[in-house]
Amino acid sequence: MSAMKIIDRYLFRQLAVPVIGAIGALTLVVILGQSLGQLDLIVERGQGAWTLAKVTALAMPQVVTLILPIGVLVGALMALNRLHSDHEIVVCYAGGMSRWGVMDSAMRLATLIALVALASNLFLQPLAMQEMRRELHAVRADLAAILVREGEFVEGAPGLTVYAQRVDQNGLLKNLFIHIERPDGATLYDAEEGRITNLDGRPVIILSNGSSSEFSQAGVLNYLSFDDYVVELGGYAISTGTLHYKESDRWLSDLLFPNPSNEWETGNRLKLLAEAHARLAGPLYVLAFMAVAISAVLGGSFSRTGYSRRIAIAVAVAISVRLLGFAAVSACGSSGWLNILQYLLPLGLMWLALKPMFKQRIRRFVEIGAGRRRLLGGLQA
């Protein structure tokens, strides 16, 4: 194996570890934020930790794709700055590797990450987001979670109060108390066990080994004991509507070619198109941010005092361009021709970052050409 290949592999590893570490650290922060944001599933909806973990995991493909460019920028800046400070880049130059050879290792890593981001945008994100939307729809329609909290009196709807001493893991309610108030009187139910289920498409609660006490408007008490009794809950069910997929949940083909018979899709055609171009253009920011990191460390003259000022400016420019990208996506929802900006912004940032590298290479070619001309002139003389 040649020395150049050994150096190339070494640089690739030295860049890959910090970049992957930065992406992993940012992902953990996002997971924590997502978990805190979904705590209402446990607090208000009575769901378990498994539901919280599932919803958080399903939301990650969309979020991770957004943080990949930031992770690449942070990790690459750390790696390149350390390599430059430890004079390892100088050793690479001394070993025959050009500045473009160093950049090649970094851009290959960025290309791999960009391809992962593109695959996530096109396949993993719609698959995960649709499953998450179905999960949240089921949670909102979970009548048992709305009406029952272990050891608490819950007014699930006006006129309906439910108490269960204990809720088993299989959904069986123990020592159940139900109070239903109507204009013509009130009914009390108490039972040893109960289970909320669907009967002929209607939400009901089946009570076992209990009794009911009903007060009529005339003040007469009617008492009934039963082995099994069905209480209708249809009037107290919360309507969640039909399941609707947002722009971020849809496949690329659905975004580019809306269904003409669907009124919502035809009315939001520009928003769907903007989301499609955002999915395709998003991975370009990975390449652009890697180019920014390379330019911040290798694109200028050597400095013994470090490159903190140059790095700070590069990071500020990169973040500003990414924010403009988000604004462009929003603007494209009303003007379709603006979608070109979604590609021009990352490509323009990449050109701006690599421009000093091109100038240095052109200057190098000019110097080599001038040296050769001087050498030939001396030989002819």
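These legends walk through several close-up views of a predicted model.

Local features are described where pLDDT is at least 70, side-chain atom pairs count only at pLDDT 80 or more, and totals for chains, interfaces and linings use all residues. Residues are numbered from 1 along each chain as its sequence is written, and side-chain values use heavy atoms, with hydrogens and water left out.

**Figure 1. The whole protein, with 12 helices and 6 strands.** Helices (H or I, at least four residues) and strands (E, at least two) are DSSP runs, numbered from the N terminus. Of the 381 residues, 40% are buried; buried means under 20% relative accessible area, exposed means over 50%, and partly exposed is in between (1.4 Å probe, protein chains only). Among contacts with a separation of 6 or more, 62% join residues 24 or more positions apart. Contact here means heavy atoms within 4.5 Å.

**Figure 2. Helix 3 packed with helix 11.** Helix 3 covers residues 49–85 and helix 11 covers residues 308–332; their axes are 12 Å apart, at an angle of about 170°. The axes are lines fitted to C-alpha atoms, for helices over the stretch in contact, and angles run from 0 to 180 degrees between N-to-C directions. The two helices are therefore roughly antiparallel. By the cut-offs, angles under 35 degrees count as roughly parallel, over 145 as roughly antiparallel, 65 to 115 as roughly perpendicular and the rest as oblique. On the helix 3 side, look for Leu-66, Ile-70, Leu-73, Leu-77 and Asn-81; on the helix 11 side, for Ile-311, Val-315, Ala-318, Ile-319, Arg-322 and Phe-326. Sorted by class, this contact holds 9 nonpolar, 1 polar and 1 charged residues. Ala, Val, Leu, Ile, Met, Phe, Trp, Tyr, Cys and Pro count as nonpolar, Asp, Glu, Lys and Arg as charged, and the others, Gly among them, as polar.

**Figure 3. Leu-66, a residue of helix 3.** What does Leu-66 touch, not counting residues up to four places away in sequence? The partners are Arg-322 and Phe-326. Leu-66 has 41% relative accessibility and so counts as partly exposed. Between the C-alpha atoms of Leu-66 and Ala-117 there are 8.8 Å, although 51 residues separate the two along the chain.

**Figure 4. Helix 10 packed with helix 11.** Helix 10 spans residues 284–298, and its axis lies 8 Å from that of helix 11, at an angle of about 165°. This pair is therefore roughly antiparallel too. Helix 10 passes helix 11 in a right-handed crossing; a crossing is right-handed if the near helix is turned clockwise from the far one by less than a right angle, and left-handed if anticlockwise. Tyr-285, Phe-289, Val-292, Ser-295, Ala-296 and Val-297 of helix 10 meet residues of helix 11 that include Arg-310, Ala-314, Val-321 and Gly-325. By class, there are 9 nonpolar, 2 polar and 2 charged residues in this contact.

**Figure 5. Strand 3 and strand 4, joined by a hairpin.** How many bridges pair strand 3 with strand 4? Strand 3 (residues 173–182) and strand 4 (residues 185–199) pair over 9 bridges, in the antiparallel sense; two strands pair if DSSP finds at least two bridges between them. The hairpin runs through 2 residues. To find your place, start at Ile-178, which stands opposite Tyr-189 in strand 4.

**Figure 6. Two asparagines with positive phi, Asn-175 and Asn-209.** Asn-175 lies in strand 3, with phi near 50°. At 38% relative accessibility, Asn-175 is partly exposed. Asn-209 belongs to strand 5, residues 202–216, and has phi near 55°. Asn-209 is partly exposed as well, at 40%.

**Figure 7. Gly-96, in the loop between helix 4 and helix 5.** Is Gly-96 buried or exposed? Gly-96 is exposed, with a relative accessible area of 53%. The C-alpha atoms of Gly-96 and Ala-3 are 8.9 Å apart, with the residues 93 places apart along the chain.

**Figure 8. Glu-275 in helix 9, and Asn-268 in the loop between helix 8 and helix 9.** Glu-275 is buried, at 16% relative accessibility. Leaving out residues up to four places away in sequence, Glu-275 touches Gln-125, Glu-247, Ser-248 and Leu-255. Asn-268 is also buried, with a relative accessible area of 16%. From the C-alpha atom of Asn-268 to that of Pro-258, 10 residues apart along the chain, the separation is 8.9 Å.
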